[in-house]
Each structure stands twice: as C-alpha cells, then as structure tokens.
Amino acid sequence: MDLDRYNSSELRDLLIDVDRQPDQGEPVLSALLRGEDGDPLPYLGSTTCSLGLGNPGSPLVVKRWCLREVERAFAKYGVPARTIPERLPMTALERGPGYHAFHDTADRRRDQRERERGRRELRKVQQLADRGQQLLSRVERSKPRQRLQRQLTHAQRWLREVEDSGGRRGEGLRGDDLAQARDIARSLNAVIASAEQSIAQRRSNQKRAERERRAQKEKSAVAPANASVAFTLAAHAEQLRQRLMQVARDRSTVPWDALTGGLSDNLDALPYSARWEALARVDAESATTEPLLSALVTTPGGGPVPYDRVLRKLGFEVPRTDKALRMIWVREQERIYAAYSDAPTPLPPRLVPRAGGQGAGAGADQGGN
C-alpha cells in the first residue's frame, strides 16, 4: 500500500481499526510506528483516546507509554513468546517524576515567554509615546493635536504607574496589565497615524501654495518681458535692416552677435528663440517684393538660424525637409547678392511660395526629397 496518499486523519482512523481488538489487553501495534524524527506518531494520543486507553497529557507520557507497548508487542509476537508485561496506565505516568519535570520545564518556558511579551509591549508603548511627543509640536490642526495630547497623557501616566510598581523592564506585565499595554499601543498608533497624515497634508498644501505663488510670479514677469522684447525688436528693426543691406553689398554673411554688436544691450540679451522674430521684422515690409535679408544671418558655425520660423512668420510655405529648407536659404542669398551688387543682375526665382501657393515652392520641396 502507498500510505503517502492518505492524510493524517485517514491514517489515524486506519490505525484505530488495526488496534481495535475484543481483548483490551492486546498490545497497541501503532506504538511500533515512528515519525521521521524518531518520535511516536503525532496523532497517537488521539488513537489511544479512541481505543479507550486514555489521553496522554504530554509528549513525555506518550514516549514512556509507547516504550511499554513496544515491549508488550515484542513479548507477544516475538520468538519465542514470553509473558506480556502489564500496560502502563496513563494516570500512573502523569504522576511520575518525569511528567512533573517536563511540566515544570514547560511552565518555566511559558513564564519566560510571558515576561518577554511584557517587555516587548512595554517597549512598544515607550517608543510610541516618544514618537508622539516628537510629532506634537508639528501638528497644527486642533483636533488631531488634541487627540494626540490626550492619548500621550494617558500613556505617560500608565508608564509612570508601571515604573512605580517595579515593572520598569516589563516583567510585571501580566493578564490585564498586558492587555492594557496593547490597548494603549493601538490607541497611540491610531492617533500618531492621524497626526502624521495631518502633517503630510499641511506639507502638501504648503508645496502647492508655493508652486502657485511661483507660477503667478513667473506669469507676472512674462508680460513685461514680452513687452520689453517687442519694444526692442520694433526699435531696432530698421537698424538691423541697414546693417544687413551693407552685408549684402559685401556679398557676405554675418553671425547674430556681429550683426547686433554695439546696437543695444537688449538685443544682445535676446534669447536664441527670440532672434528669429527679430529677423522676421527686418523683412516684414518688403517680403513680397525684395529678397529676404534675414537669409544672411548665420549661427556661429555658419548655418542658418531657425529659418523655418522666419518663413512661417512672413507667411511663406515651410518645406518638409531640412535639405529643401537649406536650398531655399541658399537661393535667397543668391537673390540678395544679385539685387545689391554694384551691377544689378536679374534675380533668380524664389523657391518658396507664399502659404497656400504652388509652383516654385513645390519644386524646391520635391528637389529636397
């Protein structure tokens, strides 16, 4: 038989059937079985109880009783057979010195565990009281503060009573005292959690208010800054145009810093993202009839500034690729040099149409692809 497929309850019932004999004096064969640790089966006490032989009070009683039953089984079934010793009554075993020694040890261990629980609960109350005292000064809302103060007062009074009664280490916490310590710890935990939530909410509100103040401050600063940029661009657009015309006559290009040098500190301080708007203002009045002088302005590395933004601001179609955009930029330079040379020559056609237009711009975009 494969006994592994049976659970403990089924095995116990099987052994009860095996050992149920008309003659109560027969040895209990279940006593011959051992668990993996070498001890009697854990459900042997239930088996003996079902057989009417008594319920052993401790593991020590079970072991001593099993030793006698094994001896009785060997006597009956051994070769040659011999006289079967008497069965040991459970009550006799419980009155034996081994039984009392076992229970004395168990009582000492149980007492030690209770003392440790008392010390542990006392430490928990002390730690929670210290934590609550630290939070008290940080709680601003009246109700959480009042609840925390009330529980702290109760806990501190109880701790003084424990100390006065000699239970400084918690060894005296038993029964009702231990239950009271747990109740106090639970109450402190609850009010401390409420206080911490109140503190976290206040901190969150402060951060949100600070963000709102900072956003309002930045918003208030943006309007004057925008007005200042617009004024700077309007005031210096013609001066920038005159300088670019000179650059065109020299058949050259110019970086932004060289173009604005000496004109205005405000121009020099313009962010990179605002420079394209200044260039669009230079060409705003003549974009439909003359070459776009803004094409002469380069980055320090010689490339175009954000020229797609300039074109869009002036109402031209913006190509879909960087290659097409560069072709338009170079063509505008060729148109500028043709228009401002000492001996003017016919202007090459513009490669970019007005927004919504067809023809040249579509050809530039197609060539860029």
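Select Gln242, which lies in helix 7; helices (H or I, at least four residues) and strands (E, at least two) are DSSP runs, numbered from the N terminus. Gln242 is partly exposed, with a relative accessible area of 40%; buried means under 20% relative accessible area, exposed over 50%, and partly exposed in between (1.4 Å probe, protein chains only). Add Leu293 to the selection: its C-alpha atom is separated by 9.9 Å from that of Gln242, although the two are 51 residues apart along the chain.

The model on display is predicted, so local features need pLDDT of at least 70 and side-chain atom pairs count only at pLDDT 80 or more, while totals for chains, interfaces and linings use all residues. Residues are numbered from 1 along each chain as its sequence is written, and side-chain values use heavy atoms, with hydrogens and water left out.

**Along helix 7 and into the loop after it**

Remain on helix 7 (residues 175-249) and select Glu210 and Arg214, which both lie there, four residues apart, about one turn of the helix. An α-helix has 3.6 residues a turn, so residues three or four places apart point the same way. Glu210 forms a salt bridge with Arg214, the closest N and O atoms being 3.7 Å apart; a salt bridge is a side-chain nitrogen of Lys or Arg within 4 Å of a carboxyl oxygen of Asp or Glu. Glu210 counts as partly exposed at 34% relative accessibility, and Arg214 counts as partly exposed at 41%.

Next, select Arg251, in the loop between helix 7 and strand 1 (254-255). Arg251 is not a glycine, yet it has a positive phi of about 50°. Its relative accessible area of 53% makes Arg251 exposed.

**Further salt bridges**

A search of the whole structure finds 18 salt bridges. One of them joins Asp17 to Arg20, with the closest N and O atoms 3.1 Å apart; Asp17 and Arg20 are both exposed. Then select Glu116 and Arg123, which form a salt bridge whose closest N and O atoms are 3.5 Å apart. Glu116 is partly exposed, with a relative accessible area of 29%, and Arg123 is also partly exposed, with 39%.

**Helix 3 and the loop beyond**

Display helix 3 (residues 59-77) and place a distance label between its end C-alpha atoms, which are 27 Å apart. This agrees with the 27 Å that its 19 residues should span at 1.5 Å a residue, the expected span being 1.5 Å times one less than the number of residues. Among the buried residues of helix 3 are Val61, Trp65, Cys66, Glu69 and Arg72.

Move on to Pro80, in the loop between helix 3 and helix 4 (90-94). A cis peptide bond joins Val79 and Pro80, with omega about -5°. Most residues other than glycine have a negative phi, and most peptide bonds are trans.

**Helix 6 and the loop before it**

Select Val162 in helix 6. Val162 counts as buried, at 9% relative accessibility. The C-alpha atoms of Val162 and Asp177 are 9.0 Å apart in space, and the two residues are 15 apart in sequence.

The final stop is Arg138, in the loop between helix 5 (97-136) and helix 6 (142-164). Arg138 is partly exposed, with a relative accessible area of 34%.
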